[in-house]
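Visitor: Could you take me on a close look at one part of this model, please: whatever joins its pieces together? I'd be glad of one long, connected answer.

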Amino acid sequence: MHYLVTGGAGYIGSHICLRLTELGHGVTVLDDFSSGHRWAVTGHEVIEADLRDLEQLRRLLSGCDFDGVFHFAAKSLVGESGKKPVYYFQNNVSGTANLLEVALEQGWRDCVFSSTAAVYGNPTTETIAETQPLKPINVYGQTKRVMEELLSAVHAQGNCNAACLRYFNAAGAAPEQGLGEWHEPETHLIPNILRRAAGDDLALTIFGDDYATPDGTCIRDYIHVLDLADAHIKAMELLHQQGGFYRLNLGNGRGYSVREVLGACEQAVGVPIAHTVGARRPGDPARLVADATQAGEVLDWQPIRDLQAIVESAWAWEQQRRAMAQV
Ligand code: UFG
């Protein structure tokens with residue numbers, strides 16, 4: 001098979017490209033490189049384009065014969081999304097509409113779409129199943145909900161098959177293959193802890209220890225990016241085999257507090273990691289844990305890497321990242 005991967009130079013997209021090539025598939029990456037990395041797409045065919053430019057997309061993609069599209073290209077910073085809502089809707093929603101327009105013109109029917117647990121907002125149950133109401137509390141989550149609705153409407157017309165995969169906290173890396181997470185600025189917990197541990201001059205802060213959780217810090221469901229990659233590939237295979245439209249949670253189904261994550265990182269690094277406790281970060285729910293039962297059944301998929309494997313791979317990657325940053 002040969003797939004188009006939009007946002008293939010980004011953190012999650014690049015790991016999907018890696019797995020696709022390991023399985024012998026062809027990959028064409030479409031990316032605007034606004035936040036993705038050129039080193040992350042070495043060896044793949046690359047089209048540099050902005051999804052907001054429909055005519056450019058038509059020009060670059062017409063005549064291409066893809067067996068399906070993995071769609072990751074989107075802006076994804078929760079904080080920034082609140083400050084730039086028009087930019088987020090243009091990038092994420094208009095960009096997806098343009099991509100779908102070209103996909104329909106070219107006859108690419110199957111789309112695996114990168115969605116997020118942010119579509120749920122504040123959950124009302126211990127674990128979050130797909131039946132939870134969609135009440136996103138930030139603009140980023142709103143754009144992803146609308147993108148899902150767009151795909152659903154196109155599917156209802158009989159024109160595409162889609163799997164919307166709602167990730168919980170993607171983490172970890174593939175250091176043996178030279179891939180991992182690299183955001184600037186970095187806002188995520190595990191890379192922030194590990195950058196601090198490696199000697200970065202950053203103030204590592206636990207955002208709030210007065211939540212209604214056993215140790216007072218927020219609980220999240222961390223899932224290894226390579227487990228996510230396997231779920232994406234199974235979802236594409238499902239679309240090829242039986243078509244349809246799916247919304248599926250991807251998580252481990254097990255929550256860890258910020259303090260527990262810090263402890264796992266200290267174990268991986270082998271020394272205590274200096275930190276302080278600060279105020280809560282606005283918009284952080286106390287607990288977000290997936291009920292991923294449906295994904296397990298529908299995709300015949302189970303995550304196989306636990307929190308320790310996640311932080312160990314992220315720590316190995318952090319050494320490589322630092323060496324690359326110094327060149
Ligand atoms: N945290 C800290 N200190 C830090 C960074 C994070 O205490 O320096 C805490 C946060 O407050 C939160 C937890 O660690 O409680 C995890 O925070 P992340 O920023 O790593 O991840 P989020 O849960 O905020 O966000 C993730 C994805 C988003 C997605 C969201 C869905 O990164 O893209 O899940 O709920 F929108």
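Guide: Happy to! Let's agree on a word before we start: two residues are in contact when heavy atoms of theirs lie within 4.5 Å. Please also keep in mind that this is a predicted model.

The chain is divided into two domains, and each is made of two stretches of sequence: domain 1 covers 2-168 + 223-250, while domain 2 covers 175-221 + 253-325. Their C-alpha centres lie 23 Å apart. Where they meet, 33 residues of domain 1 are in contact with 31 residues of domain 2.

What fills the space there? The largest nonpolar core has 34 residues, and Ile12, Leu20, Phe70, Leu165, Leu250 and Leu299 have the most contacts inside it. Several elements each supply at least two of its residues, including strand E1 (2-6), helix H1 (11-22), strand E6 (161-167), strand E11 (245-250) and helix H9 (293-299). Helix H7 gives the largest share, 9 residues. Because domain 1 and domain 2 both give residues to this core, it lies between them. In soluble globular proteins, nonpolar side chains tend to be buried together.

Leu250 is a good residue to centre your viewer on. Setting aside residues up to four places away in sequence, Leu250 touches Leu165, Arg166, Tyr167, Phe168, Ile223, Leu228, Ala231, His232, Ala295 and Trp301. There is also a second, separate core of 23 residues, with Ile193, Ile206, Ala264 and Ala268 among them.

Stay with H7 for a moment, since Asp230 is placed in that helix. The side chains of Asp230 and Arg19 are joined by a polar contact of 3.0 Å. Beyond its neighbours up to four places away in sequence, Asp230 touches Trp301 and Arg305 as well as Arg19. Trp301 thus turns up twice, as it is touched by Leu250 and by Asp230.

From here, let's move on to the ligand. It is surrounded by 20 residues, the closest being His188, Leu189, Thr205, Arg281 and Asp284. Three polar pairings to oxygen atoms of the ligand are worth a look. An N or O atom in the side chain of Asp284 is 2.5 Å from a ligand oxygen, a backbone N or O atom of Leu189 lies 2.8 Å from one, and a polar side-chain atom of Arg220 lies 2.9 Å from one. Taken alone, the ligand exposes 690 Å², and the protein buries 89% of that. Helix H6 (189-197) and strand E8 (205-207) each supply at least two residues of the surrounding shell, with E8 giving the most, 3 residues.

Two more residues make a nice contrast to end on. Pro282 sits in the loop between strand E13 (276-278) and strand E14 (287-288), and with 76% relative accessibility it counts as exposed. Pro282 and Phe207 are 75 residues apart in sequence, yet their C-alpha atoms are 9.3 Å apart in space. Ser257, by comparison, lies in strand E12 (residues 256-257) and counts as buried, at 2% relative accessibility. Leaving aside neighbours within four places in sequence, Ser257 is in contact with Asp215, Thr217, Cys218 and Ile219.

Conventions
Residues numbered from 1 in each chain as written. Predicted model: local features only at pLDDT ≥ 70, side-chain atom pairs only at ≥ 80, totals over all residues. Heavy atoms only, no water. Core = buried A, V, L, I, M, F, W, Y, C linked by side-chain atoms within 4.5 Å. Buried < 20%, exposed > 50% of the residue type's maximum accessible area, 1.4 Å probe, protein only. Helix = DSSP H or I, 4+ residues; strand = E, 2+ residues; numbered from the N terminus. Domains from an automatic or database assignment. Near = heavy atom within 4 Å. Polar contact = N/O pair within 3.5 Å; in protein donor to acceptor, adjacent residues only side chain to side chain. Areas by Shrake-Rupley, 256 points an atom, 1.4 Å probe, with all protein chains shown as cover.
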